[in-house]
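The following exercises concern charged pairs and helix packing, and each comes with a solution worked step by step. Please look through the sequence and the structure before starting.

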Amino acid sequence: MAKTKKSDKISKARHDADAYFDRGNGLAKIGEYEGAFEAYRNAIRIDPDYAHAYHNIAAYLWKQGRYKASQEEAERAVSAYSRAKEKKKLFYARSDFLHLGSLHHRILMDSPQAKAVWEEGLGVNWNETAWLERLGSDPDDVRIMTSLVDLYLEEKDEMIGEERTVVYCHARELYKKAQLLLENQLSQEETAGIFHQLGQLQLIMKEYDESESNLRKAIEKDKDLPAPYADLGVLYMRKEDYKKAKECLEKALQRDPDSFVIQSNLAGAYSLLKARFLEKSETEYKRILAITSQHVESHIGLGKVYTDMGDLGDTDMYDQAICHFCTAIKVSLSGQGSKTLKKKEQADILYMKGYARVKLYESTKIRRDENLLDQALEDFNKSFCKDRDHHKARRAKEKLEKILDFSSGNRLLEKIEPWLISGSSFFIFVSTQVILYLGQPIRLDAVGYSLLIFGSLLFMVAGLYLPHIQKLKVWGIELEKGSVDQIRPTGTLGIVKESIQHGKSHSTAQRN
């Protein structure tokens, strides 16, 4: 009897925890996030191992742009998943592997751990091929496989040589299997969800024509889903049909107005439509940053928008572009932003930063600050070190090295000249005052003394401002920089703009 009462008590507690969890899901779907968090925490108070509740708190904090808090909650979720696994409460279905892997990949940004979880969920052993034949019994198989394909392709971009080929072959093999499973599902039942999954998988593998067809079919089946519109928008951006991309992303945003991913992609589409849409792009990015200053993609996007504005004539914008590129890298490296930039992504941003510095230098008509070229050279060097295939960075680096080597001697002389002139003038001024103070005779009349004093003061000031003047003429005395001193790069330096790829539709998986 006592055992039955204990079992009933546990069953009731579990029922209550599930009820709070379901309530949290309902509130989150209508945007009542604080109420949802309270419901999820009530579920956790009843069952401290309720991993799905921790998970959804982390996921919805992430959606709000509260990245640090989301990561802290994700760590708690990972611990809860681990406890639940030990007690055999979870991991009897592949969905738990899917959700735990998504926490590691999207929120904690730990790709190796995400890969290990997803491969464990599928039972992957690349030394055997039999595991492939066992897949397909669980609907979450394809979701895990799609996630792994995406992750393998990310890994491939960071590798060189034979390893790169091996990882791509893994991705391709898994893609083919996932595609076959989805096509088999469609032969039994055609739903918007399956069409979208297939289109998304093909988008990841850059099978654009097939992806477009299936995403369109998903929309035909259910016009209220935001994800197919969002992925179709990304597809059109990659195909450089920016007008269609804008239309699709606007429809996606109407259906999911809280998605930073969609907002950021839409802002990118606006920027790629150039002049008349640049301000709209700026507005979208700033709208995101007003909510969360840690959104890396928006800082990159604004940097590109301000670079485009600079290229169109508003050269003051280059300085702001540089600031946003710097912030994007800084936030990414902190590990507390919306994403961790891969090496190739860092290389692209460093190149754009260097490009903006060069254009800012070129836009200065009177006195050019050659420190900008030094900083640009450093950016191009770092870009090439991050990505040895970034040949634009290599060429830009070589051009600037030639220019800076040519002018290095003159630049050193320019730094010394002002202090030589000002120092000599100061010495004459002080010496004259000391001689008079000590009562030593000096063979100067009042006019000569005045010329000496005021002349030395004038040349002290002129020396300090020498870098900013070309000619000085006072009382018949004329100083003019020689032609060698005035040699500087004029016009453009031939550094071309880098195109940063826009659009990647990722959603942080939530357990509903």
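The model used here is predicted.

**Exercise 1.** Determine which parts of the chain the salt bridge between Lys-87 and Asp-49 ties together, and decide for each of the two residues whether it is buried or exposed.

*Solution.* Begin with the pair itself, whose side chains meet with a separation of 2.6 Å from N to O, one of 31 salt bridges in the structure. Next, place the partners: Lys-87 belongs to the loop between helix H4 (67-86) and helix H5 (94-107), while Asp-49 belongs to the loop between helix H2 (33-46) and helix H3 (51-63), so the bridge ties together parts that lie 38 residues apart in sequence. Then turn to accessibility, where Lys-87, with a relative accessibility of 51%, counts as exposed because the cut-off for that class is over 50%. Asp-49, by contrast, has a relative accessibility of 7% and counts as buried, because buried means under 20%.

**Exercise 2.** Work out where the partners lie in the salt bridges Lys-221 with Glu-190 and Arg-394 with Glu-398.

*Solution.* For Lys-221 and Glu-190, the closest N and O atoms are 4.0 Å apart. Lys-221 is in helix H11 (residues 208-221) and Glu-190 in the loop between helix H9 (161-188) and helix H10 (192-204), so this pair links parts 31 residues apart in sequence. Lys-221 is partly exposed at 47%, and Glu-190 is partly exposed at 48%. For Arg-394 and Glu-398, the closest N and O atoms are 3.5 Å apart, and both residues lie in helix H20 (residues 391-437), four residues apart, which is about one turn of the helix. Arg-394 is partly exposed at 26% relative accessibility, and Glu-398 is partly exposed at 35%.

**Exercise 3.** Describe how H4 and H5 pack, giving the angle, the handedness and the character of the contact.

*Solution.* Start from the geometry: the helices pack at an angle of about 150°, and their axes are 10 Å apart. Since angles over 145 degrees count as roughly antiparallel, H4 is therefore roughly antiparallel to H5. The crossing of the two helices is left-handed. Now list the contact, in which Ser-70, Gln-71, Ala-74, Ala-77, Val-78 and Tyr-81 of H4 meet Asp-96, His-99, Leu-100, Leu-103, His-104 and Ile-107 of H5. Sorting the residues of this contact by character gives seven nonpolar, four polar and one charged.

Note on methods: Residues are numbered from 1 along each chain as its sequence is written. This is a predicted model: local features need pLDDT of at least 70, side-chain atom pairs count only at pLDDT 80 or more; totals for chains, interfaces and linings use all residues. Side-chain values use heavy atoms; hydrogens and water are left out. Buried means under 20% relative accessible area, exposed over 50%, partly exposed in between (1.4 Å probe, protein chains only). Axes are lines fitted to C-alpha atoms, for helices over the stretch in contact, and angles run from 0 to 180 degrees between N-to-C directions. Angles under 35 degrees count as roughly parallel, over 145 as roughly antiparallel, 65 to 115 as roughly perpendicular and the rest as oblique. A crossing is left-handed if the near helix is turned anticlockwise from the far one by less than a right angle, and right-handed if clockwise. Contact means heavy atoms within 4.5 Å. Ala, Val, Leu, Ile, Met, Phe, Trp, Tyr, Cys and Pro count as nonpolar, Asp, Glu, Lys and Arg as charged, and the others, Gly among them, as polar.
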